[in-house]
Amino acid sequence: MLVTLTGENSFGLQNELKKLVGEFLQLHGELALERLDGNEVDMARIQEALTSLPFLANKKLVVLREPSANKQFLEQFEQLLGDLPDTTDLIIVEPKLDKRLSYYKWLSKNTEFTDFTPLDAAGLSRWLVAEAAKRGGKISLSDANYLVERVGADQQFLSNELDKLLLYEPNINRQTIDLLTDATPQSTIFQLLETAFAGNKQKTMQLYAEQRALKVEPPQLIAMLAWQLHVLALIKTAGERSADEIAREARLNPFVVRKSANIARSLSRAEIHKLTDDLLKIDVNSKRTNLDVDEALQNYLLALA
């Protein structure tokens, strides 16, 4: 077995790694497992682990994390991996692989290669529905989508929140989601902009007041608004690129890009530039004058509405 696990979806990658290691240990036991980190061990140690005979077992499994961090390994990987003994199974874990390198091309061609990409909002919602059923509970697709929008697109965090919700009540609904989870600040900032652009002044002010009640200070709100405007500017200037392409090139979660796309489409570049400039003025004046930042931010949001 020669396996490569890669990709930015750490939850999916770690689950697959845990499954593969668990299956091997059931057959061969703990003594047959070695774990090495390419950031910590030298080439001689990697070579010894891959070529030595198993101890008190007929097979051994080596889990090798980020061997590409070792320059010597990158120079010799093809010969080393191509000559693995039949008694050695190897799992290579490379969360970030440069697709331009021959190393990537060799692994994708000669190993059981799986790239764990982050799930988008729809994928996360479907996963939550299936996972809730697997864990003995139930959540509707619409409520799963609501949970993703409320707490964000981190799959590991969603898994933890799902466990908490199922422990309280196996049949999850919006009421229990609101009761047991906290909306992420960035999610609320998106809602602030969304409701403001929709012209809903009352809801906009309500969301702003909720953030202030949660002790989110004006400088934090300015920073989060600036980040959201940055995302909108990236989408607006990306031309015909897909959400996945934008996310990959800008190192954003695809969920964030897709969620912001509708707002970006409703604005011109000039409007995004003005919004950014107005927010910058608030930030600068808050540091140089006795500006009431709360009032300035509320007026800023009301102007959007």
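Two strands pair if DSSP finds at least two bridges between them. In this predicted model, leucine 36 has leucine 64 in β3 as its bridge partner. The chain contains 15 helices and seven strands. Two features are described below after the overall dimensions: an open sheet of five strands and an aromatic cluster.

**Overall dimensions**

- The chain has a radius of gyration of 25 Å, while a compact globule of 305 residues would have one near 19 Å.
- The C-alpha trace spans about 70 × 45 × 35 Å along its principal axes.
- Buried residues make up 42% of the 305 in the chain.
- The accessible surface of the chain is about 16,900 Å², and carbon and sulfur atoms account for 50% of that surface.
- Among contacts in the chain with a separation of 6 or more, 71% are between residues 24 or more positions apart.

**The five-stranded sheet**

- The strand order in this open sheet is β2-β3-β4-β1-β5, and the pairing is parallel.
- The edges are formed by β2 (33–37) and β5 (112–115); each has a single partner strand, so one side of each is left without a neighbour in the sheet.
- From one strand to the next, the twist averages 15°.
- Five bridges join β2 to β3 (residues 60–65) in the parallel sense.
- The bridge between leucine 36 and leucine 64 places the latter in β3.
- Helix α2 (residues 43–51) packs on the sheet and touches β2, β3 and β4 (88–94). The direction of helix α2 makes about 160° with that of β2.

**Aromatic pairs**

- There are five aromatic pairs in the structure.
- Phenylalanine 77 and tyrosine 103 form an edge-to-face pair, because their ring planes stand at 70°, with the centres 5.1 Å apart.
- Phenylalanine 77 belongs to helix α3 (residues 71–82) and tyrosine 103 to helix α4 (residues 102–110), so this pair ties together parts that are 26 residues apart in sequence.
- Phenylalanine 77 also forms an edge-to-face pair with tryptophan 106, at 5.9 Å centre to centre and 80° between the planes.
- That second pair links phenylalanine 77 in helix α3 with tryptophan 106 in helix α4, 29 residues apart.
- One aromatic cluster is formed by Phe73, Phe77, Tyr103 and Trp106.

**Burial of the aromatic residues**

- Phenylalanine 77 and tyrosine 103 are both buried.
- Buried means under 20% relative accessible area; phenylalanine 77 has 5%.
- Tryptophan 106 is buried as well, with a relative accessible area of 13%.

Note on methods
Residues are numbered from 1 along each chain as its sequence is written. This is a predicted model: local features need pLDDT of at least 70, side-chain atom pairs count only at pLDDT 80 or more; totals for chains, interfaces and linings use all residues. Side-chain values use heavy atoms; hydrogens and water are left out. Helices (H or I, at least four residues) and strands (E, at least two) are DSSP runs, numbered from the N terminus. Axes are lines fitted to C-alpha atoms, for helices over the stretch in contact, and angles run from 0 to 180 degrees between N-to-C directions. Contact means heavy atoms within 4.5 Å. The radius of gyration is taken over C-alpha atoms; the globule rule is 2.2 Å times the number of residues to the power 0.38. Buried means under 20% relative accessible area, exposed over 50%, partly exposed in between (1.4 Å probe, protein chains only). Accessible areas come from the Shrake-Rupley method with a 1.4 Å probe; for residues, only the protein chains shown count as cover. Rings of Phe, Tyr and Trp (its six-membered ring) pair if their centres lie within 6.5 Å; planes under 30 degrees apart count as stacked, over 60 as edge-to-face and the rest as tilted.
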